[in-house]
Amino acid sequence: MRRLGLLGLFTLALLVAGCAPLLEPGGGAERELPSATAAPGVLVFSDASGALLLNAYLPLVAPPGSVIGEQSYEGKTSFSRFSNPQDFEAVRRFLLTALEDAGWRILESATWEKPPNLFQTTVRIEKDGEQKVVVLRYENGTYSVEVREG
């Protein structure tokens, strides 16, 4: 009984200190990841808070823990390549939430998988009558996000 009390006090101390692991809605522990960074020599847009963006027009924030190694723009369309320690499903959920947080409505989403090295989700989004297509791809350890006209 005493061990349970000490464990409870230790957990409470971690929570108060802000050091406890984050919990996912499903109940699994999730480690905190650092903010996204850009590889040396890669120019990346950021929002007003300093968060790096995979697409400045949407604006689509890069998932925590990402290292952006390549980024190109042509008007409102873009292509970004990055690494991230999270699995495909976690990155996919993060990007869908980020799109919704930016005010985009998800019209359709389709995922194609060929485990363990190839996963792709194609999402059609809409905001104020404008449509875009966002393609998240994971191939052999590298992620890419392409934003193109809808």
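**Exercise 1. Decide whether Glu139 is buried, partly exposed or exposed, and find its partner in a salt bridge.**

Solution. In this predicted model, Glu139 has a relative accessibility of 37%, and it therefore counts as partly exposed. The next step is to look for a partner of opposite charge, and here the side chain of Glu139 meets that of Arg137 in a salt bridge, with 3.2 Å from N to O. The limit for such a contact is 4 Å, so the pair qualifies. Finally, Arg137 has a relative accessibility of 25%, which means that Arg137 is partly exposed too.

**Exercise 2. Work out which strands are tied together by the salt bridge between Arg81 and Glu70.**

Solution. Begin with the contact itself, in which the side chains of Arg81 and Glu70 meet at 3.1 Å, N to O. Then place each residue: Arg81 belongs to strand 7 (residues 77–83) and Glu70 to strand 6 (residues 67–74), so the salt bridge ties together parts that are eleven residues apart in sequence. As a last step, consider the accessibility of both partners: Arg81, at 36%, is partly exposed, and Glu70, at 34%, is partly exposed as well.

**Exercise 3. Find which residues are linked with Lys132 in a network of salt bridges.**

Solution. Start from one pair, Lys132 and Glu130, whose closest N and O atoms are 3.2 Å apart. Both Lys132 and Glu130 are buried. Widening the view, one finds that Lys132 and Glu130 are linked with Lys76 and Glu149 in a network of salt bridges. The search of the whole structure finds ten salt bridges.

**Exercise 4. Classify the aromatic pairs that Phe119 forms with Phe88 and with Tyr138 as stacked or tilted.**

Solution. A search of the whole structure finds six aromatic pairs. For Phe88 and Phe119, the ring centres are 5.4 Å apart and the planes stand at 20 degrees, so this pair is stacked. Phe88 lies in helix 2 (residues 88–101) and Phe119 in strand 9 (residues 118–127), so the pair ties together parts that are 31 residues apart in sequence. Both rings belong to buried residues, since Phe88 has a relative accessible area of 7% and Phe119 has a relative accessibility of 14%.

Turning to the second pair, Phe119 and Tyr138 lie 6.1 Å apart, centre to centre, with 50 degrees between the planes, and this pair is tilted. Tyr138 is in strand 10 (residues 130–139), 19 residues from Phe119, and at 19% relative accessibility Tyr138 counts as buried. To complete the picture, ring pairs link Phe82, Phe88, Phe119, Tyr138 and Tyr143 into a cluster.

Notes: Residues are numbered from 1 along each chain as its sequence is written. This is a predicted model: local features need pLDDT of at least 70, side-chain atom pairs count only at pLDDT 80 or more; totals for chains, interfaces and linings use all residues. Side-chain values use heavy atoms; hydrogens and water are left out. Helices (H or I, at least four residues) and strands (E, at least two) are DSSP runs, numbered from the N terminus. Buried means under 20% relative accessible area, exposed over 50%, partly exposed in between (1.4 Å probe, protein chains only). Rings of Phe, Tyr and Trp (its six-membered ring) pair if their centres lie within 6.5 Å; planes under 30 degrees apart count as stacked, over 60 as edge-to-face and the rest as tilted.
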